[in-house]
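Biologist: I've got the structure up on my screen and a coffee in hand. Can you walk me through it?

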Amino acid sequence: MALELVVLIKVVPDGKEVFVDPVNFTLNRSMATNVLNPADENALEAALRIKDEHDARITVMTMAPPFAEPFLLECMSRGADQAVLISDRAVAGSDTYPTSLTVAAAIKHLGKVDIVFAGEKTSDSSTGHVGPGVAEFLEAELASYSRSCRYEDGFVTAERVLEEGVEVVKIPTPAVVTVITDSNIPRRATLRKKLNAQKKGIIVWSLQDIGLPSDWVGLRSSPTVVKKMLPFPAIERKGKVIGLDMMDDFVKELVDTGIIRQGGN
Ligand SMILES: Cc1cc2nc3c(=O)[nH]c(=O)nc-3n(C[C@H](O)[C@H](O)[C@H](O)COP(=O)(O)OP(=O)(O)OC[C@H]3O[C@@H](n4cnc5c(N)ncnc54)[C@H](O)[C@@H]3O)c2cc1C
């Protein structure tokens, strides 16, 4: 039986085009063009690499308004087999809790799923909650912050990048893998797959389709409340060019000014 892989994607505003409103400090995304969240491109590539080696089917999925459709088609043009858009007015205003709940309900609605791939985080809200949240709702094992993974005989082996090194974990399926940004080079779309994607189209599910009550999602079912947003204080950076012969003096200067502390026993 083919492996069933799901890749979660989110369409985000291009970070270079998002500005902080100087009056009310909210994010102004109105001038920004939409892009596929960078880590999700890597998540799709990680799934495609498993499909290169195994009999597998990839479903790419997002919870979003219909503007996400071209991005789902793009994922199919790169090799995903089908695309699901969860679109329902009731999910508007959802924070990461109902987002994870809704996505997990849609995955369950798909039937048997072996591995779910997500990005480590998005470039807009950037919480990194959704992958682990989905794992929790699916009661699936999680390998977060993965830079690579492979599948063999019902197990996923993933290399997790931690602050102090790399941890290799082997977890049974069903599993959720969150993939770090730039961990691979995403492949490009092909014309043939592009045409196939257009022909196949996108599956659109409402909350009713996936059996989720509308009062479980949306703003009112979101535990997070944004009380205030503060501008990040500008950091003043200074540069200094020094030669190797000035190194001792420079280190002494850094110690004297308290920028670094002298080690010792
Ligand atoms: C405090 C707070 C308040 C918010 N309030 C609102 C609000 O009022 N209205 C509003 O529209 N949004 C709101 N959001 C944004 C909303 O919570 C997020 O868009 C959504 O929950 C995803 O969170 P994230 O971007 O942090 O994803 P992360 O957890 O950083 O994403 C990790 C990965 O999960 C997957 N993923 C993330 N989102 C989706 C998705 N929608 N579908 C499929 N896969 C996904 C992707 O693979 C992604 O790479 C709020 C966010 C926060 C933190």
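Modeller: Sure, but let's settle one term: a residue is buried if 20 or more other C-beta atoms lie within 10 Å of its own. And keep in mind that this is a predicted model.

Biologist: Okay, take strand β12, residues 175–179: how many of its residues are buried?

Modeller: Go face by face. On one side sit Ala175, Val177 and Val179, on the other Val176 and Thr178, and these are all buried. So by that cut-off of 20 or more C-beta atoms within 10 Å, the strand is mostly covered, and the count of buried residues is five of five.

Biologist: Which residue of β12 is the bridge partner of Ile115?

Modeller: Look at β8 and β12, which run parallel and are joined by five bridges. In β12, the partner of Ile115 is Ala175.

Biologist: And which β12 residue pairs with Ser146?

Modeller: Here the other strand is β9, residues 141–152, which runs parallel to β12 with four bridges between them. Ser146 has as its bridge partner Val179.

Biologist: Zooming out, which strands stand at the edges of the sheet?

Modeller: Nine strands form an open sheet with mixed pairing, in the order β11-β10-β9-β12-β8-β1-β6-β7-β13. Two of them have a single partner strand each, so one side of each is left without a neighbour in the sheet: β11 and β13.

Biologist: How do β10 and β11 run, parallel or antiparallel?

Modeller: Start with a pair of residues: Leu162 stands opposite Gly165 in β11. Eight bridges join β10 (155–162) to β11, and the direction is antiparallel.

Biologist: At what angle does α3 run to β6?

Modeller: α3 lies across β1, β6, β7, β8 and β13. Its angle to β6 is about 145°.

Biologist: What about helix α2: how many of its ten residues are buried?

Modeller: The buried ones are Phe71, Leu72, Leu73, Glu74, Cys75, Met76 and Arg78. Just after the helix comes Gly79, with a positive phi near 140°. For α2 itself, residues 69–78, mostly covered is the verdict, and the buried count is seven.

Biologist: Last one, the ligand: how many residues of its shell are charged?

Modeller: The ligand is surrounded by 32 residues, with Ala118, Gly119, Ser125, Thr127 and Val130 the closest. Elements giving two or more residues to that shell are α1, β6, α3, β8 and α4. Sorted by type, the shell has twelve nonpolar residues and 15 polar ones, and the charged ones number five.

Notes: Residues numbered from 1 in each chain as written. Predicted model: local features only at pLDDT ≥ 70, side-chain atom pairs only at ≥ 80, totals over all residues. Near = placed C-beta within 6 Å. Nonpolar A, V, L, I, M, F, W, Y, C, P; charged D, E, K, R; others polar. Buried ≥ 20, exposed ≤ 12 C-beta atoms within 10 Å, placed from the backbone. Pairing = 2+ DSSP bridges. Contact = placed C-beta atoms within 7 Å. Axes fitted to C-alpha atoms, helices over the stretch in contact; angles between N-to-C directions.
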